[in-house]
Amino acid sequence: MKAKNASIRTAARQSGRKGSPTSRANRRGARRGDTTRHSILEAAERCFAERGFDGVSLRAITQVAGVDLALVNYHFGSKRNLLREVIARRARVVHEDRVEALEAARHEAGTKSPSVEAIIAAFLEPLLRRLIAGDRGWRRYGRLASQLDVLPQFADLTGDVLNPTALHFINALRLALPKTPAPSIYWGYMFLIGAMVQVISTTGRIERLSRGLCHSNDIEGALHELVPFISAGMRALASRNG
């Protein structure tokens, strides 16, 4: 009996080794799962950006992704949670880039708070620079994010993903503008978001208004104007209450 138990334990250890058939099969399964999940997210991002949340079904998304409908339910549970994950995966990247840019601004400022311009640039550039680079996925994310930002029914869904970044920068602005009342800082941040949404939505309206003088796909030009515009507005709130 002891010999039999020992052989069972040995077989179990061998099956768990890196090169064992069982562990190789598990790794292949995990890779397939990651590939499937990625395909679904890519297809969902494309469909949501092009047709909106209500304009596309899970079945349509799975057809674009080339997977069975059951796999969407397995990986994400619901259409709404799928949308949340579509937003979250790129929002995490932008958040990390923004925090890194803000920390660089703090390091450069030394013992002082970074300037309002540096804080605003640290917030805007990580996303807008990615859109400037022209990656289709990021362009779709920009369109989708701009759609969701103005729809109240998605405020709770996107808020838990985006609010940590928002609060991080609101706190930075409060330190940079210590005499400005808190309500003004919060409103100023919302005005920043509103202006950014106009830039990333690329509706083409500015072409019509300016008769071709400005172009909505000129995100580099918009960024050049947006940082001083928002910074001046924040400073105006501070001087009004100073």
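At 56% relative accessibility, tryptophan 187 counts as exposed, and in this predicted model that residue offers a convenient place to begin reading the surface. Tryptophan 187 sits in helix α9, which covers residues 182-201, and together with Met190 and Phe191 the tryptophan makes a nonpolar surface patch of about 380 Å². For the protein taken as a whole, the accessible surface comes to about 14000 Å², and carbon and sulfur atoms account for 54% of that area.

From this patch one can step back to the overall fold. The secondary structure consists of 11 helices and zero strands, so that reading along the sequence gives the pattern α-α-α-α-α-α-α-α-α-α-α. Of the 242 residues in the protein, 38% are buried. Where contacts link residues at least 6 apart in sequence, 72% of them join residues at least 24 apart.

The interior can be followed through its nonpolar residues. The largest nonpolar core has 63 residues, and those with the most contacts inside it are Phe48, Ile61, Leu82 and Leu124. Helix α6 gives this core its largest share, 10 residues. Phenylalanine 48, once its neighbours within four places in sequence are left aside, is in contact with Phe53, Val56, Ile61, Lys79, Leu82, Leu83, Leu144 and Gln147; Ile61 and Leu82, which appear in that list, are also among the residues with the most contacts inside the core.

Helix α6, running over residues 116-133, also holds alanine 118. With a relative accessibility of 26%, alanine 118 counts as partly exposed, because that value falls between the 20% below which a residue is buried and the 50% above which a residue is exposed. Alanine 118 and leucine 102 are separated by 16 residues in sequence, while their C-alpha atoms are 7.7 Å apart in space.

Two polar residues show how burial can also be found outside the nonpolar set. Serine 231 belongs to helix α11, residues 219-240, and is buried, with a relative accessible area of 0%. Beyond its neighbours within four places in sequence, serine 231 is in contact with Val116, Glu117 and Ile120. Glutamate 85, found in helix α5 (residues 79-109), is likewise buried, because its relative accessible area of 14% is under the 20% limit. With its neighbours within four places in sequence set aside, the contacts of glutamate 85 are Arg37, Leu41, Phe76 and Arg92.

The cysteines may be considered next. A disulfide is a covalent bond between the sulfur atoms of two cysteines. The structure holds zero disulfides. Cysteine 47 is buried, at 1% relative accessibility, whereas cysteine 214 is partly exposed, with a relative accessible area of 31%.

Finally, the backbone deserves attention in two loops. Threonine 202 lies in the loop between α9 and α10, the latter helix covering 205-210, and its phi is near 40°, a positive value in a residue other than glycine. At 26% relative accessibility, threonine 202 counts as partly exposed. In the loop between α10 and α11 lies arginine 211, which has a positive phi of about 55° although it is not a glycine. Arginine 211 counts as exposed, because its relative accessibility of 80% is over the 50% limit.

Conventions
Residues are numbered from 1 along each chain as its sequence is written. This is a predicted model: local features need pLDDT of at least 70, side-chain atom pairs count only at pLDDT 80 or more; totals for chains, interfaces and linings use all residues. Side-chain values use heavy atoms; hydrogens and water are left out. Helices (H or I, at least four residues) and strands (E, at least two) are DSSP runs, numbered from the N terminus. Buried means under 20% relative accessible area, exposed over 50%, partly exposed in between (1.4 Å probe, protein chains only). Patches are made of residues with over 30% relative accessible area and no salt bridge: like charges are joined within 9 Å, nonpolar side chains (Val, Leu, Ile, Met, Phe, Trp, Tyr) within 5 Å. Accessible areas come from the Shrake-Rupley method with a 1.4 Å probe; for residues, only the protein chains shown count as cover. A salt bridge is a side-chain nitrogen of Lys or Arg within 4 Å of a carboxyl oxygen of Asp or Glu. Contact means heavy atoms within 4.5 Å. A disulfide is a pair of cysteine sulfur atoms within 2.5 Å. A nonpolar core is a set of buried Ala, Val, Leu, Ile, Met, Phe, Trp, Tyr and Cys residues joined through side-chain atoms within 4.5 Å.
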